[in-house]
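Here's a short set of exercises to work through with the model open beside you. Try each task before reading its solution.

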Amino acid sequence: MDPDAVARAFVEHYYTTFDANRAGLANLYQEGSMLTFEGQKIQGSQNIVAKLTSLPFQQCQHNITTVDCQPSGAGGMLVFVSGTLQLAGEQHALKFSQD
């Protein structure tokens with residue numbers, strides 16, 4: 001299977017779910033997963049989803065610009081994503097990156 005196609009499919013699923021139902025992201029994280037958000041380290045599926053669902057906006061739309069993937073030493077992939085985030089009621093989109 002093409003790693004780039006797998007990465008793009010995952011990214012599409014992740015951000016579609018984020019935009020529509022952030023709580024639905026829980027099954028994409030494990031207890032060993034770590035999210036660093038503005039310098040704060042959050043570990044574990046429940047804690048990560050709690051952080052994401054507590055963000056101060058309800059509606060958003062991610063527009064993906066780049067999806068780059070590299071094989072990881074553990075047999076997985078590291079995926080880097082960049083793009084813009086449009087918040088409801090805001091005129092200008094915010095830039096974001098995530099890996």
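**Exercise 1. How many helices and strands does the protein chain have?**

Before you count, note that this is a predicted model, where local features need pLDDT of at least 70, side-chain atom pairs count only at pLDDT 80 or more, and totals for chains, interfaces and linings use all residues. Residues are numbered from 1 along each chain as its sequence is written, and side-chain values use heavy atoms, with hydrogens and water left out.

Step 1: settle the terms. Helices (H or I, at least four residues) and strands (E, at least two) are DSSP runs, numbered from the N terminus.
Step 2: count. You get 2 helices and 5 strands.
Step 3: read along the sequence, and the order comes out as α-β-β-α-β-β-β.

**Exercise 2. Check the span of helix α1 and find its buried residues.**

Step 1: helix α1 covers residues 3-20, which is 18 residues. The expected span is 1.5 Å times one less than the number of residues.
Step 2: that rule gives 26 Å, and the end C-alpha atoms are 26 Å apart, so the two agree.
Step 3: call a residue buried under 20% relative accessible area, exposed over 50%, and partly exposed in between (1.4 Å probe, protein chains only). In α1, the buried ones are A7, V11, Y14, Y15, T17, F18 and D19.
Step 4: think about spacing. An α-helix has 3.6 residues a turn, so residues three or four places apart point the same way.
Step 5: look for the cover. It includes α2 (45-53), β3 (60-71), β4 (77-87) and β5 (94-98).

**Exercise 3. What radius of gyration does the protein chain have, set against a compact globule?**

Step 1: take the radius over C-alpha atoms, with the globule rule of 2.2 Å times the number of residues to the power 0.38.
Step 2: for 99 residues the rule gives a value near 13 Å, and the chain has 14 Å, which agrees.
Step 3: add the box. Along the principal axes, the C-alpha atoms fill roughly 40 × 30 × 25 Å.
Step 4: add burial. Of the 99 residues, 30% are buried.

**Exercise 4. How many disulfides does a search of the whole structure find?**

Step 1: a disulfide is a covalent bond between the sulfur atoms of two cysteines. The search looks for a pair of cysteine sulfur atoms within 2.5 Å.
Step 2: the search turns up 0.
Step 3: look at two cysteines anyway. C60 is buried at 9% relative accessible area, and C69 is buried at 14%.
Step 4: place C69. This cysteine lies in strand β3. Skipping neighbours within four places in sequence, C69 is in contact (heavy atoms within 4.5 Å) with P3, D4, A7, M77, L78 and V79.

**Exercise 5. Place two loop residues, E38 and A23.**

Step 1: E38 sits in the loop between β1 (34-37) and β2 (40-43). This residue is exposed, at 77% relative accessible area.
Step 2: check the backbone. E38 isn't a glycine, yet its phi is positive, about 50 degrees.
Step 3: A23 belongs to the loop between α1 and β1, and at 44% relative accessibility A23 is partly exposed.
Step 4: find the partners of A23. Beyond neighbours within four places in sequence, A23 is in contact with V49 and T53. The C-alpha atoms of A23 and T53 are 6.5 Å apart, with their positions 30 residues apart along the chain.
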